[in-house]
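Student: Could you take me through the surroundings of the ligand in this one? I'm new to it, so please go slowly.

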Amino acid sequence: MQIMSQSLEIATVIMIVESILFIAIAIGWYFGARRMYFDLHHKAVYSVVLIHSITVGAWMIPRAATLAAEGAFTDLAASWYQIVHDLIGIFAIIFGIVLALIFLTRKDMPLDLLKKTRPIMILTLILWTASYLLGIIAYVVQLMPGAS
Ligand code: HEM
């Protein structure tokens, strides 16, 4: 019982951190990328990717391993949202890291590089948003009575 409530407390912190990161992504896109203010955009990308890598590496991946060991993923109908969340989340974080590395090496962001990276940025935003929304479902399911 105590382990369960501890896990829910951590999940709540993760939920808050991920929501702040999501707002930071929106700020980086709206006030940075859209207005060609790349310094702000790049800083948002670096901080979001760094903090997000910590939450995924320290909490979500170990939690996914526990859920898998408990057999939670064998019931596809009941855990589809978690499986899809994990899979698209992996791609979102890989693309996020690749973009952060490109921005770190080319801070000036010439126009041709901007054109080449734009589709990856849009894809990353879509995957990230979908994973975030499915993460909200995963969190809400834990709050339900009888959730294990
Ligand atoms: C853009 C990528 C991602 C975002 C925005 C994201 C967001 C979230 C959010 C908001 C939660 C709810 C808080 C919680 O229950 O702990 C969550 C939970 C979780 N995430 Fe992610 N996540 C991402 C990537 C990943 C990846 C790559 C994995 C693992 C391979 C993963 C595995 C999990 C697991 C196992 C949970 C907990 C579900 C539970 O305890 O029932 N997530 N995620």
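Tutor: Sure, let's start with the ligand: 25 residues surround it, and the closest are A11, M60, G89, A92 and G135. A residue makes that list if its C-beta atom, placed from the backbone, lies within 6 Å of the molecule. Keep in mind that this is a predicted model, where local features need pLDDT of at least 70, side-chain atom pairs count only at pLDDT 80 or more, and totals for chains, interfaces and linings use all residues. Numbering runs from 1 along each chain as its sequence is written.

Now, who supplies the shell? The protein has four helices and zero strands (DSSP runs, H or I of at least four residues for helices, E of at least two for strands, numbered from the N terminus). Each of α1, α2, α3 and α4 gives at least two residues to the shell, with α4 providing the largest share, eight residues. Sorted by class, there are 16 nonpolar, six polar and three charged residues around the ligand. Here Ala, Val, Leu, Ile, Met, Phe, Trp, Tyr, Cys and Pro count as nonpolar, Asp, Glu, Lys and Arg as charged, and the others, Gly among them, as polar.

M60 and A92 turn up again in the largest nonpolar core, which has twelve residues. Such a core is a set of buried Ala, Val, Leu, Ile, Met, Phe, Trp, Tyr and Cys residues joined through C-beta atoms within 7 Å; buried means 20 or more other C-beta atoms within 10 Å of a residue's own, C-beta atoms being placed from the backbone. For this core, α2 gives the most, six residues.
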